[in-house]
Amino acid sequence: MSDLPAGITRERGLYLLRQMLRIRQFEGRCAEAYGAGHIRGFLHLYDGEEAVAVGVMQVLEAGDAILSTYREHGHAIARGIAMGPLMAEMYGKRTGCSGGRGGSMHIFDAGTRFYGGNAIVGGGLPLAVGFALASKMQGRQDVAACFFGEGAAAEGEFHESMNLAALWKLPVLFLCENNLYAMGTALARSESQTDIHAKAAAYGVRSVVVDGMDVFAVESATREAAAHARAGQGPSLLELRTYRFRAHSMFDAQLYRDKAEIEDWQTRGPIITLTTRLKAAGLMTEDDFQRLLHETDAEVQAAVEFAEHSEWEPVEDLTRHVYAEVARP
Amino acid sequence: MTAATSMRITYREAVKQAIREALASDPRVFLMGEDVGKYGGCFAVSKGLLAEFGEERIRDAPLSESAFVGAGIGAALGGMKPIVEVMTVNFSLLAIDQIVNNAATLCHMSGGQFPVPVVIRMATGAGRQLAAQHSHSLECWYAHVPGLRVVAPATIDDARGMLRPALASPDPVIIFEPISLYNMEGELTEAASSASLAGARVHRPGRDVSMVTYGASLWRCVTAAEELAASGIEAEIIDLRSLRPLDDTTILESVRRTRRAVIVDEGWRTGGLSAEIAMRIVEQGFYDLDAPIARVCTEEVPIPYPKHLEDAALPSPARIVTAVRRMISDAQ
């Protein structure tokens with residue numbers, strides 16, 4: 001187990017661990033609520049990948065735009081969307097952060113510039129290019145941070161977007177969460193070139209491989225990419241190598257991978273390794289850890305109660321929001 | 001708008017004037033698409049705009065329809081007012097995911113937080129011997145989708161006037177420009193300055209039959225109506241202008257007066273706009289009809305290359321006249 005980076009304080013270490021635990025605990029309750037029938041549709045959990053969301057979000061500023069995927073609860077929590085409206089969205093309640101219209105796969109929040117929650121693989125990449133174009137044309141420093149899985153690299157939109165962002169030197173952070181499986185298809189079964197970063201590099205996109213299980217490594221790589229983008233130097237792609245501990249969705253029997261492989265990756269999990277490192281460095285005790293677990297569990301419990309006590313949107317409102325209800329600025 | 005009354009210009013020039021006015025009046029507006037800059041536009045619509053407004057705002061895009069249409073959606077969400085030009089509807093099929101899955105859904109899925117104020121222009125239609133892959137009329141595919149607004153300017157005034165309300169709309173607007181009309185000349189009138197985004201218009205009043213149409217077929221109906229007038233049949237022509245939403249009120253008012261309807265659509269008949277319009281007339285005006293509704297659509301073939309076969313496939317004034325005469329003689 002590697003040492004902590006220099007200068008990491010107890011406060012900083014506990015903060016990052018807390019953020020990852022918030023995600024893990026939130027999703028644990030989501031899985032329970034799914035089993036109980038409170039959450040329906042597709043539910044894609046993020047267990048194992050928390051270091052990516054938390055590491056990236058340490059760097060992003062309030063004005064930056066975030067484009068995410070259907071596996072986005074972690075991104076949303078780390079970005080600062082309140083857990084109550086997030087859980088209410090899972091339940092489909094009107095108090096949800098998307099008004100209940102989106103559900104698990106479609107988290108939106110204007111206040112944190114969180115633009116979904118896109119359930120078409122690769123669908124968010126062109127949007128990120130557009131946000132970055134707007135930012136550049138308006139002379140702003142904002143970047144567009146776009147999460148996607150390695151499966152998206154097989155989509156034409158990945159390649160079109162790499163080219164366009166590099167061609168126009170746009171401030172995009174392409175954040176590829178490479179968890180090795182596109183649903184049930186292993187990378188090597190679908191790609192002739194399995195190094196995603198090499199594909200981006202071919203378009204002239206600054207491209208880096210990052211240990212996606214190490215929150216410090218993710219934060220550091222994101223910081224460099226964001227500085228590059230804000231300096232007008234163009235896009236970066238971070239290939240964040242990570243692993244999903246749970247099934248693709250709640251319908252997945254996981255016939256495509258060995259239990260031993262999952263267990264091996266679990267020993268490298270972002271929460272367990274940070275816990276071990278903080279304890280080894282004398283920055284955290286077991287009591288500290290138990291307190292974090294207790295506090296994050298209480299936060300999730302409050303979110304569940306908020307969701308359960310929230311009202312449904314009346315059916316009379318069914319056709320609202322198909323078109324805008326406010327005039328254009 | 002500063003257009004002089006009754007200036008004679010082409011449809012192409014009308015569209016260009018509209019784009020130029022938008023660019024000049026709002027720094028958030030920019031034009032993006034294939035060959036819009038250096039080349040001057042595939043149909044010469046944007047010729048000269050690069051020199052006038054520069055590379056940032058007249059933005060040549062690579063042949064990546066999905067990426068640059070998606071980028072237009074993203075830029076609109078980011079506070080710009082993009083006019084995205086997809087060269088033709090045929091190529092828009094490479095961007096239909098972005099249009100249907102993103103532009104049309106984000107406002108709704110976000111509970112109204114994120115309307116998508118993007119304008120997407122594309123040329124449409126046949127008539128230039130461009131064969132099957134360059135001659136589609138797929139307006140109905142987009143008109144099918146809640147969340148989109150779809151318009152089809154057929155006149156000089158609408159070509160000049162509809163971009164402004166499109167850019168003012170908080171919703172995604174798709175503008176279909178018929179390829180065969182770019183060279184058409186006509187009068188630009190004061191009406192262009194107050195053009196609305198929605199609502200059909202009575203292009204020609206008449207008492208005997210309602211021709212319901214849009215786009216390039218408007219002018220096929222005009223020719224047919226003139227021929228019918230020579231034998232005493234007065235056709236009323238409804239120019240739909242907006243394909244989503246459809247203006248049921250104007251259609252039904254006309255049909256109630258004439259008691260006959262023929263729908264002329266360059267799209268295919270099966271599952272098309274003509275079917276939708278006919279059904280709305282049936283639902284709301286069945287007892288006002290004196291004759292079954294007729295449809296003149298493109299024959300159900302991919303558009304062929306030879307001129308005589310292409311002409312035979314498309315709605316023609318002759319086919320419209322025949323349909324109307326049959327409708328009227330059957331009733332007598």
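This talk walks through the contact between two chains, then some elements of chain A, and then the domains and a sheet of chain B.

Before anything else, please keep in mind that what you see is a predicted model, and I will describe it in that spirit.

Let me start where the chains meet. On the chain A side 39 residues are in contact with chain B, and on the chain B side 37 residues take part. If you look for the elements of chain A that give two or more residues to this side, you will find β3, residues 114–118, then α5, residues 124–137, and α6, residues 156–167. Which of the elements provides the largest share of the side of chain A that touches chain B? That is α5(A), with ten residues. Sorted by class, the residues on this side of chain A divide into 20 nonpolar, 14 polar and five charged.

Staying with chain A, I would like to turn to strand β9, which covers residues 236–241 and is mostly covered, since six of its six residues are buried. The burial concerns both faces of β9(A), with S236(A), L238(A) and L240(A) on one side, and L237(A), E239(A) and R241(A) on the other. What pairs with this strand? Strand β5 of chain A, residues 172–178, pairs with β9(A) in the parallel sense over six bridges, and within β9(A) it is L238(A) that stands opposite L175(A). Strand β8 of chain A, residues 206–211, also runs parallel to β9(A) and is joined to it by six bridges, while D211(A) stands opposite R241(A) of β9(A). To get from β8(A) to β9(A), the chain passes through helix α9 of chain A, residues 215–230, in a β-α-β crossover that is right-handed.

One more element of chain A deserves a look, namely helix α2, residues 50–57. Why can we call this helix largely enclosed by the rest of the structure? We can do so because eight of the eight residues of α2 of chain A are buried; among them are E50(A), V52(A), G55(A) and M57(A).

Now to chain B, where the domain assignment gives domain 1, residues 7–194, and domain 2, residues 201–331. The centres of these two domains of chain B, taken over C-alpha atoms, are separated by 26 Å. Between them, 24 residues of domain 1 of chain B are in contact with 21 residues of domain 2 of chain B. On the domain 1 side, α7 (139–143), β6 (149–151) and β7 (173–178) of chain B each supply at least two residues, and by class this side has 14 nonpolar, seven polar and three charged residues.

Finally, chain B has an open sheet of seven strands with mixed pairing, in the order β3-β2-β4-β5-β7-β6-β12. Its edge strands, each pairing on one side only, are β3 (58–60) and β12 (242–244) of chain B, and neighbouring strands of the sheet are turned by 20° against each other on average, direction ignored. At the β12 end, β6(B) and β12(B) pair in the antiparallel sense over two bridges, with V151(B) opposite S242(B) of β12(B). Helix α1 of chain B, residues 11–25, packs on the sheet and touches β2, β4 and β7 of chain B, its direction making about 130° with that of β2(B). Helix α3 of chain B, residues 65–77, lies across β2, β4 and β5 of chain B and runs at about 160° to β4(B).

Terms used: Residues numbered from 1 in each chain as written. Chains lettered and ligands numbered in written order. Predicted model: local features only at pLDDT ≥ 70, side-chain atom pairs only at ≥ 80, totals over all residues. Contact = placed C-beta atoms within 7 Å. Helix = DSSP H or I, 4+ residues; strand = E, 2+ residues; numbered from the N terminus. Nonpolar A, V, L, I, M, F, W, Y, C, P; charged D, E, K, R; others polar. Buried ≥ 20, exposed ≤ 12 C-beta atoms within 10 Å, placed from the backbone. Pairing = 2+ DSSP bridges. Right-handed = clockwise from strand over helix to strand, strands pointing away. Domains from an automatic or database assignment. Axes fitted to C-alpha atoms, helices over the stretch in contact; angles between N-to-C directions.
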